[in-house]
Structure formats: C-alpha cells, structure tokens
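Visitor: Hi! Could you walk me through this protein in plain words?
Guide: Happy to, let's have a look together.

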Amino acid sequence: MITVQDLIYSYPKSENPTVKSVSFEVKEGEIFGFLGPSGAGKSTTQKVLTKLLKNYEGEIFIKNKNSKKELREWKSDYYNQIGVGFELPNHYSKLSALENLQFFASFYELDKQNLNQKLMQLLESVGLAKDAKKKVQDFSKGMKMRLNFVRALIHNPPILFLDEPTSGLDPVNGKIIKDIILNLKKEGKTIILTTHHMTDAEQLCDRVAFMVEGKIPLIDSPKNLKEKYGQRLLKVEYSQKEGTNRQNQFFELETLAQNEEFLKLINQNYIQSMHTQEATLEDIFIEVTGKKLI
C-alpha cells in the first residue's frame with residue numbers, strides 16, 4: 001500500500017534533518033506503528049505522507065503512485081483516500097460537535113443522503129452523541145480528542161493516519177478508541193499509527209518501526225520482537241502455605257517437564273503465580289536504541 005525509500009526531511013533553517021534516510025513498507029490491511037519518544041521524527045514522517053510537508057528527498061509510493069510525479073492529477077482523489085487524526089485536536093470552537101463534522105464532511109465527495117445520521121453514529125461510537133449540539137469550546141481535552149478521531153472517519157477512507165490517538169484519554173475511552181481501530185483493521189483499512197505508548201503499539205500493531213533521532217533501526221512484529229529479546233524463563237512466585245512469606249524461583253522453559261526441582265516445588269508449595277519472562281516493547285526499545293520512550 002505504501003512504500004517509502006530513503007526519505008529525508010529538513011525543516012527550514014534547521015541544521016540537521018529531522019528524518020534521516022528512512023525506508024519502510026506498509027502492507028494493505030495492516031496496522032503499522034511508529035514507536036518512539038517525542039521528537040523522534042514520527043509525526044514529521046506522517047506529515048510528509050499526508051502532504052502537509054513538502055520539499056522532501058527520497059521516493060514515496062502510495063497505491064503504486066509516485067507521490068511527487070503524480071501528485072497533480074491525483075491530489076484531489078488522494079485526500080478522499082486518506083483520513084488523518086492529528087496529535088493535537090483542532091476544531092472550530094464556536095461550532096458544535098455535529099456542526100464541526102458537517103463542515104469537514106463538506107470537503108469530501110460524500111452521499112449527502114442520511115449524512116447527519118451517519119455523523120451521529122460516529123459520535124455515538126465514541127460516546128459523544130449526547131454532546132452533539134454542545135459547542136466544542138465547552139469540551140474537555142478528552143472529548144476533543146474523541147471528536148478529532150471520528151473526524152478522520154467521516155468519508156470512510158481506506159488509509160488512516162493516526163497520531164497519538166489515545167493521548168489525553170482515560171483508560172475507558174482509550175479502550176473504546178483502540179477497539180474501533182481494531183475493527184477498522186477487520187474491515188480492511190490500512191492504518192499508520194504513531195505513538196510513544198508501548199501498550200498501544202503492542203495491542204494494536206501488526207508491525208512496529210522503532211524510531212529515534214530521525215532513524216529507523218528496527219522493524220518487526222511485537223510478537224517476534226518479544227520472542228527474540230525475551231528470556232526463555234518461567235518465574236514462579238510461591239510460599240510454603242497461603243499467607244506466609246513469598247519467594248521467587250526461575251526455571252528454563254525448555255526443560256520444565258523433566259525438571260525435578262520444578263515439579264517438587266509446585267507439588268509441595270502454595271503457588272501464588274507463574275509468568276513467562278517476556279520482554280516488553282519498552283525494554284526492547286531501550287536495548288536496541290539506548291533511548292527511553294518518554
């Protein structure tokens with residue numbers, strides 16, 4: 001769906017490029033994530049892909065069309081093909097939530113029949129239906145973020161660019177947004193996600209690109225990364241009987257069935273918990289890049 005080759009982008013008057021010769025591919029129907037700390041170049045890369053930033057070096061192909069050479073004849077159609085959820089919500093504060101969606105809907109080639117009903121369904125999906133006629137200036141940050149999210153879905157685009165979609169949301173509303181994103185994937189949407197939240201990347205992404213200081217040192221699936229960098233150990237937390245002091249012991253997974261010490265422990269003690277020692281994406285990110293996500 002998207003191929004990027006040796007992308008370089010420098011902001012005007014900047015001494016060094018923000019994005020430094022990155023290459024990657026996004027497959028049709030997958031959720032591809034950029035995982036990295038603030039300032040890593042994630043949002044800049046997204047802005048180049050959505051044509052908010054120009055004058056880049058390198059090649060970008062979207063649906064087999066060259067982003068530079070075929071831009072003029074494809075430009076209007078391209079914006080009907082993509083939906084963008086920005087990191088910071090930007091609405092018309094004196095308009096209501098529904099009026100904001102109606103206004104942005106007017107930019108697209110949409111069937112106007114039952115449009116308001118469809119917009120109300122979008123608001124309902126993120127718990128804003130009851131606030132449809134409330135002015136956005138009276139919304140909380142979380143409400144603005146949810147409105148910002150559904151605005152990207154107005155025209156049912158096949159490609160979505162979502163920049164920190166759960167930022168500023170409480171756990172309940174964050175889960176609602178993540179569930180919607182997973183459902184969009186089931187519908188066949190291609191989704192490019194930027195985040196510094198390890199949990200979001202792990203729960204949502206088919207593949208993640210670690211991004212730091214404008215470069216991508218690693219691209220792989222969360223599952224493969226955790227298997228490669230995790231320890232093949234089982235941690236057993238136990239006590240001699242319930243309510244007494246707890247102890248921990250580690251065993252190699254490959255030899256559990258033949259490990260007499262392990263079998264003796266679980267037969268003679270009260271087992272509090274058992275967990276494999278998988279590495280988190282944050283652990284792996286730090287090991288690979290030497291940087292923290294925050």
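Guide: What follows is a short chat about this structure, which is a predicted model.

Visitor: Great. How many helices and strands are there in the protein chain?
Guide: The protein chain has 10 helices and 13 strands. Its C-alpha atoms fill a box of roughly 70 × 45 × 35 Å along the principal axes.

Visitor: And what share of the residues is buried?
Guide: Of the 294 residues in the protein chain, 47% are buried. As for the outside, the chain exposes about 15900 Å², and carbon and sulfur atoms supply 46% of that area.

Visitor: What about contacts along the chain?
Guide: Take the contacts between residues at least 6 apart in sequence: 66% of them join residues at least 24 apart.

Visitor: Switching topic, how many positive and negative charges are there?
Guide: There are 41 positive and 38 negative charges, and the mean positions of the two sets are 6 Å apart.

Visitor: Let's zoom in on a helix. Is H1 mostly covered or uncovered?
Guide: Mostly covered: helix H1 spans residues 42–49, and seven of its eight residues are buried. Among them are Lys42, Ser43 and Thr44, along with Val48 and Leu49.

Visitor: What comes after H1?
Guide: Lysine 51 follows H1, and its phi is positive, near 70°.

Visitor: Which other residues have a positive phi?
Guide: Asparagine 156 is one of them, with phi near 55°, and it is not a glycine. Glutamate 213, also not a glycine, has a positive phi of about 50°.

Visitor: Where is glutamate 213 found?
Guide: Glutamate 213 is in the loop between strand E9 (207–212) and strand E10 (215–220). Its relative accessibility is 48%, so glutamate 213 counts as partly exposed.

Visitor: And why does asparagine 156 count as exposed?
Guide: Because its relative accessibility is 53%, and the cut-off for exposed is over 50%. Asparagine 156 lies in the loop between H5 and E7.

Visitor: You just mentioned H5. Why is it described as largely enclosed?
Guide: Helix H5 covers residues 141–151, and nine of its 11 residues are buried, so the rest of the structure largely encloses it. The buried ones include Met143, Met145, Leu147 and Phe149, and also Arg146 and Arg151.

Visitor: What covers those buried residues of H5?
Guide: The cover includes two strands, E6 (82–85) and E7 (159–163). It also includes helices H3 (97–105), H4 (115–125) and H6 (171–186).

Visitor: OK, now the empty spaces. How many cavities of 30 Å³ or more are there?
Guide: The count comes to one cavity of that size. About 40 Å³ of space lies in the largest cavity.

Visitor: Which residues line the largest cavity?
Guide: The lining is made of Gly85, Phe86, Met145, Asn148, Phe149, Leu162, Asp163 and Pro165. H5 gives the most, with three residues, and H5 and E7 each supply at least two.

Visitor: So H5 turns up again! How much space is in the largest pocket?
Guide: The largest pocket holds about 360 Å³ of space. It is lined by 13 residues, and Tyr79, Ile82, Val84, Phe86 and Tyr108 lie nearest its centre.

Visitor: Which element gives the most to the lining of the largest pocket?
Guide: That is E6, with three residues. If you want one residue to look for, try Phe86: it is in the lining of the largest cavity and also lines the largest pocket.

Notes
Residues numbered from 1 in each chain as written. Predicted model: local features only at pLDDT ≥ 70, side-chain atom pairs only at ≥ 80, totals over all residues. Heavy atoms only, no water. Buried < 20%, exposed > 50% of the residue type's maximum accessible area, 1.4 Å probe, protein only. Helix = DSSP H or I, 4+ residues; strand = E, 2+ residues; numbered from the N terminus. Contact = heavy atoms within 4.5 Å. Areas by Shrake-Rupley, 256 points an atom, 1.4 Å probe, with all protein chains shown as cover. Lys, Arg positive; Asp, Glu negative; His and termini not counted. Charge placed at Lys NZ, Arg CZ, Asp CG, Glu CD. 1 Å grid on protein atoms, 1.4 Å probe; cavity = no way out; pocket = protein on both sides within 12 Å on 5 of 7 lines; lining within 4 Å. Points joined across faces, edges and corners; volume = space filled by probe spheres on them.
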